[in-house]
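This report describes the fold and the nonpolar interior of one protein chain. The sequence and the coordinates are shown first, and the description follows.

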Amino acid sequence: TAFTTSRTLKCLGCLPRCGRRPSCAPCTPPRALRAAEGTYVAQTIASRLPRLKKIADGMADATVVAAAGLNRLKLAGHAASLLDTSVWPPAPGQGAIAITARSGDRTMRDRLAAIDDRATTLALACERAFLAVLDGSCRTPIAGLARIDGAHLSFAGMIVKLDGSEAHTTMREGVASEAAQIGADAGRELAARGGPDFFGGS
């Protein structure tokens with residue numbers, strides 16, 4: 001989940017027209033343009049502290065950062081608001097902690113299975129399958145959030161054009177054990193609706 005932080009503003013929709021907002025990654029500005037029409041979105045590849053300093057120095061009105069990062073740095077007090085996932089769905093895999101192991105290392109995989117959070121694994125399988133079908137990366141404006149409730153899975157996905165001019169969303173409900181299939185199916189739907197050049201620009 002992402003935060004929007006500001007010196008005076010309390011929400012993303014409160015940004016003035018032609019407001020300035022630095023962003024941490026290429027995938028963020030298109031969604032910001034959709035959420036706050038009329039603002040100027042500058043792309044800033046920087047860690048949280050330099051971006052917060054830009055706000056303090058008056059170089060920007062707000063910034064969008066990961067809530068987990070602010071919490072980890074004990075900077076949660078700088079957050080003006082927590083963006084609701086219905087307005088700002090996170091990138092696929094956001095917040096998940098993964099450990100890699102060699103596929104043939106059965107001993108290590110058995111050890112890791114003991115600390116596996118099954119719900120997170122299933123949600124991540126759905127989100128990653130969605131992203132893979134769309135051939136996305138951390139630089140692509142793609143959002144996807146899977147939720148697991150017992151044996152039930154719900155998924156919401158979104159793709160946004162690089163200039164923020166067009167977006168497509170989809171939702172899925174299904175059995176959690178079919179997480180990857182559900183995510184891939186959602187990805188195929190949005191790929192078809194967006195077309196082959198969707199991420200090529202306006």
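## Fold

Which pattern does the chain follow when read along the sequence? In this predicted model, the order is β-β-α-β-α-β-α-β-α-α-β-β-β-α. The chain contains 8 strands and 6 helices.

Of the contacts in the chain with a separation of 6 or more, 59% are accounted for by residues 24 or more positions apart.

## Burial and surface

The chain has 202 residues, and buried residues make up 42% of them. The area that the chain exposes is about 11100 Å². Carbon and sulfur atoms supply 53% of that area.

## Largest nonpolar core

The largest nonpolar core has 17 residues. Those that touch the most other members are Cys126, Phe130, Leu134, Ile142, Leu153, Phe155 and Ile159. At least two residues of this core come from each of four elements: helix 5 (118–133), strand 6 (142–149), strand 7 (152–160) and helix 6 (179–194). Helix 5 provides the largest share, with 5 residues.

Leu134 illustrates how positions separated in sequence meet. With neighbours within four places in sequence left aside, Leu134 is in contact with Ile142 and Ile159, both of which are listed with Leu134 among the core members touching the most others. Further contacts of Leu134 are Gly187, Leu190, Ala191 and Phe199.

## Second core

Another nonpolar core, of 5 residues, lies apart from the largest one. Its members include Leu52, Leu70, Leu75 and Ala79.

How values were computed:
Residues are numbered from 1 along each chain as its sequence is written. This is a predicted model: local features need pLDDT of at least 70, side-chain atom pairs count only at pLDDT 80 or more; totals for chains, interfaces and linings use all residues. Side-chain values use heavy atoms; hydrogens and water are left out. Buried means under 20% relative accessible area, exposed over 50%, partly exposed in between (1.4 Å probe, protein chains only). Contact means heavy atoms within 4.5 Å. Accessible areas come from the Shrake-Rupley method with a 1.4 Å probe; for residues, only the protein chains shown count as cover. A nonpolar core is a set of buried Ala, Val, Leu, Ile, Met, Phe, Trp, Tyr and Cys residues joined through side-chain atoms within 4.5 Å.
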